Amino acid sequence: MAKKSTVFPRAASFLLVATSLISGGSCYNAPNQRQSHRRASSSSAPDATGDRRSFLVASALSPLIAAVAGVGVASLPPPPSASAFENRIDDKYADVVPQEGVPPTNLGPRTGRPSKSSPGGSYTGLAPCPPSPNCWCSSAPFGDNAARYIGPWRGASIRDVKRVIDTYEAGRGGIDGGGYRVVEYDENGQYLYVQFQSYKAGYVDDVEFWYNPAGGKFDVRSASRVGYSDLGVNAKRLEYIGGRLEREYGWELVRRKSGSLV
């Protein structure tokens, strides 16, 4: 059996004694001393002799306190990043500040979204994609941004999508190693919003699913927050989720001649 280290307990004891010496008392009668100090401070002037003694002791012990405290602190592991997702594949890059980007403010189904190809100049649904090749969306009309369009999915319920997400494997296919989390799930409104994070840099992608009653199908949107190209990450993610919905729940997806979704 390995010998238990006593460095940190000894360091803590030393700091306690040193602190007591600096305050001019004993560590064993600190409560009583604090009470007497409060009574004295309310009825008399500060003790100059005690102040000088505290200053001299503090000056002598400060280097030792810093050295011992450094030993104790160095033995503790660094705290994980508060932004790291709990289901990431491992903690290798968990302490790296994630490049999360600016959280979007236009998510969720909305009415009156501007459209250059829809009658009336607007549509109802999820947010459109930007011109950059790091987003796919089925809500915005095909004529608005054909290069970033994906056909809507036909299925029974948003519950099917939630089941697939709940069993999603972080790092599958070399993507989303940073994990994922469900941000919003509205079964009555048939809406699901999930964030996925990359392994090393911590890039966050926003993914949405919503049942569009006007078309009787589910609109999908997967978009990156940071960068210009996503290197195919959003397409891989949608291929996996859509493929499982087809095989496990009988969903119908519009595929291209090549067999891919996008």
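In which loop does Gln190 lie? Gln190 sits in the loop between β5 and β6 (191-197), and we'll come back to its backbone shortly. First, some ground rules: this is a predicted model, where local features need pLDDT of at least 70, side-chain atom pairs count only at pLDDT 80 or more, and totals for chains, interfaces and linings use all residues. Residues are numbered from 1 along each chain as its sequence is written, and side-chain values use heavy atoms, with hydrogens and water left out.

Let's start with the overall layout. The chain has 5 helices and 9 strands, where helices (H or I, at least four residues) and strands (E, at least two) are DSSP runs numbered from the N terminus. Reading along the sequence gives α-α-α-β-β-β-β-α-β-β-β-β-α-β. Of the 262 residues, 37% are buried; that term means under 20% relative accessible area, while exposed means over 50% and partly exposed covers what is in between (1.4 Å probe, protein chains only). Take the contacts in the chain with a separation of 6 or more, and 53% of them come from residues 24 or more positions apart. Contact here means heavy atoms within 4.5 Å.

Now back to that loop. Gln190 has a phi near 55°, a positive value in a residue other than glycine. Gln190 is also buried, at a relative accessible area of 15%. Asp176 makes a good companion: its phi is near 60°, again positive in a non-glycine residue. Asp176 belongs to the loop between α4 and β5 (180-186), and it is buried, with a relative accessible area of 4%.

Next, the helices. Two packed helices are described by the angle between their axes and the distance between the axes. For α4 (residues 158-166) and α5 (residues 233-249), the axes come within 10 Å and cross at roughly 115°. Those axes are lines fitted to C-alpha atoms, for helices over the stretch in contact, with angles running from 0 to 180 degrees between N-to-C directions. The α4 and α5 crossing is right-handed, meaning the near helix is turned clockwise from the far one by less than a right angle (anticlockwise would be left-handed). On the α4 side you'll find Asp160, Val161, Arg163, Val164 and Ile165, which meet Ile241, Arg244, Leu245 and Tyr249 in α5. That contact splits into 6 nonpolar, no polar and 3 charged residues. Here Ala, Val, Leu, Ile, Met, Phe, Trp, Tyr, Cys and Pro count as nonpolar, Asp, Glu, Lys and Arg as charged, and the others, Gly among them, as polar.

What about empty space? A search of the whole structure turns up 2 cavities of 30 Å³ or more. On a 1 Å grid over the protein atoms alone, a cavity is a set of points where a 1.4 Å probe fits but cannot get out, and lining residues have an atom within 4 Å of a point. The largest cavity has a volume of about 70 Å³, volume being the space filled by probe spheres set on the points, which are joined across faces, edges and corners. Of its 13 lining residues, the closest to the centre are Arg88, Tyr93, Val96, Pro98 and Gly202. The second largest cavity holds about 40 Å³, and its lining includes Pro128, Cys129, Cys137 and Tyr149.

Key
On a 1 Å grid over the protein atoms alone, a cavity is a set of points where a 1.4 Å probe fits but cannot get out, and a pocket is an open set with protein on both sides within 12 Å along at least five of seven lines; lining residues have an atom within 4 Å of a point.
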